[in-house]
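Pull up the model and keep it rotating while you read. We'll stop at a pocket, a surface patch, a couple of backbone oddities and some charged pairs.

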Amino acid sequence: MREPRAIPTAPRPDAGPQTREPRAFETALAEPAIDVFAAPPDALSDADVAPRLRPRRSFWRHLAFWTGGTLISLGLGLAAERLIRDLFATYDWLGWFGLGVLGVFLVALVILIGREIFGLARLRTLDRLRASATIALAADDLPSAQKITAELLGVYSSRADLARARTGLKADTGSILDGAELLRTTERALMLPLDQRARALTASSARRVALVTAVSPRALIDISFVIFESFRLARNLADLYGARPGLFGFIRLIGAILAHLAVTGGLVLTDGIVEQLVGHGVAAKLSARLGEGVLNGLMTVRVGIAAIKLVRPLPFSAQKSPVVSDFVADLAKVASAPEKSA
């Protein structure tokens, strides 16, 4: 028999809040485990960046170009057919000669069109490699880096001046297990000799522009030579890095260079900037013509730097990107040489 005990029928007035028994935390509130080998959250994949890099295309513009080109081709074909018919009506041998010349012209035209298509495709390939390398460097993606390195070796497979660099790079790629380091090694092996030659080409063009501007008697000659030298420099740099653009590819490259200069403010070079770059002591001793020569030389340098950044298949990571101040010393020597001789 249990002992009797008192059971209260109402809670005590001074009793505090009822406490509940502790319970385990829900698993849904637990923080997920962090994967140290996962890519950083700010690293973007090729699929995320590709739509941003892809230019916006207009259907009506392409339709207008296609229909206009078709009409022009039909008109030229009818004109050629009428010409050959008239030649045969005059003399048979003259008609056969005209037909042979037309055949040679068509073969040459097909070869030129093929070269233009190859040049445009090579420019797009270099742009794609540069964009992919930028993403791979940020994400430290080893498979993408290996793919980019193999593709670059294929692009420069026929270059005799890079034979030793290709051999050394092939020997090093198997022992590198870091994506970013592999791309930096590729840049040091393949881009370093090309960068040195590109800097020499840019400095040489800038010196020529400064000298011609200093001695030319007409402003029209200055402008013409600056444009000619800028176009030649862009073409030489494109050939150096393996772009090899044709006529339309070169026009596209010039448009990209002008757009790059407009965005970066490369054409806005005033006398104050010249004084800051050359130095107050040297700028004060320069005559008006020599000052114009230095200014035009700096503009040519800006064109060269923009062309290097646009045709270089890898971004600047292991190597330092060229800047205008790297070429100021050469321009100052060129500008001061006529003063010393005078």
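What follows is a walk through those stops, one at a time.

One thing up front: this is a predicted model. Let's begin with empty space. Rolling a probe the size of a water molecule over the atoms shows where such space is left. The second largest pocket holds about 470 Å³. Its lining is made of 16 residues, and those closest to the centre are L112, I113, E116, I117 and F248. Which helices build the wall? At least two lining residues come from each of α3 (92-139), α7 (219-240) and α8 (247-264). The largest share belongs to α3, with 9 residues. Sorted by class, the lining has 9 nonpolar, 2 polar and 5 charged residues.

Now stay with I113, which sits in helix α3. Besides being among the residues closest to the pocket centre, I113 is part of a nonpolar surface patch along with F105, L106, L109 and I117. Together these five offer about 480 Å² of accessible area. How does I113 get to be in a surface patch? Patch members need over 30% relative accessible area, and I113 has 45%, so it clears that bar while still counting as partly exposed. I117 also turns up in both places: among the residues closest to the pocket centre and in the nonpolar patch.

Next, the backbone. Most residues other than glycine have a negative phi. Two residues here go the other way. D140 has a positive phi, near 55 degrees, and lies in the loop between α3 and α4 (142-155). R244 also has a positive phi, near 50 degrees, and is found in the loop between α7 and α8. Are these two buried or exposed? Neither extreme applies: D140 is partly exposed at 36% relative accessibility, and R244 is partly exposed at 41%.

On to the charges. Side chains of opposite charge can pair when their charged atoms come close. Searching the whole structure turns up 13 salt bridges. Take R85 and E81, whose closest N and O atoms are 2.3 Å apart. Why can these two pair up within one helix? They are 4 residues apart in helix α2 (residues 59-90), so about one helical turn separates them. R85 is exposed, with a relative accessible area of 54%, whereas E81 is partly exposed at 37%.

Other bridges reach across the chain. R199 and D326 meet at 3.4 Å, N to O. This pair links distant parts of the chain, 127 residues apart: R199 is in helix α6 (residues 179-215), and D326 is in the loop between α11 (288-311) and α12 (328-341). Both ends are partly exposed, R199 at 27% relative accessibility and D326 at 33%.

Helix α6 supplies a partner for another such link. R208 in helix α6 and E229 in helix α7 are 21 residues apart and again connect distant parts of the chain; their side chains meet at 2.6 Å, N to O. How accessible is each partner, R208 and E229? R208 is partly exposed at 30%, but E229 is buried, with a relative accessible area of 0%. Finally, salt bridges that share partners tie D127, R130 and R252 into one network.

Definitions and conventions: Residues are numbered from 1 along each chain as its sequence is written. This is a predicted model: local features need pLDDT of at least 70, side-chain atom pairs count only at pLDDT 80 or more; totals for chains, interfaces and linings use all residues. Side-chain values use heavy atoms; hydrogens and water are left out. On a 1 Å grid over the protein atoms alone, a cavity is a set of points where a 1.4 Å probe fits but cannot get out, and a pocket is an open set with protein on both sides within 12 Å along at least five of seven lines; lining residues have an atom within 4 Å of a point. Grid points are joined across faces, edges and corners, and a volume is the space filled by probe spheres set on the points. Ala, Val, Leu, Ile, Met, Phe, Trp, Tyr, Cys and Pro count as nonpolar, Asp, Glu, Lys and Arg as charged, and the others, Gly among them, as polar. Patches are made of residues with over 30% relative accessible area and no salt bridge: like charges are joined within 9 Å, nonpolar side chains (Val, Leu, Ile, Met, Phe, Trp, Tyr) within 5 Å. Accessible areas come from the Shrake-Rupley method with a 1.4 Å probe; for residues, only the protein chains shown count as cover. A salt bridge is a side-chain nitrogen of Lys or Arg within 4 Å of a carboxyl oxygen of Asp or Glu. Buried means under 20% relative accessible area, exposed over 50%, partly exposed in between (1.4 Å probe, protein chains only).
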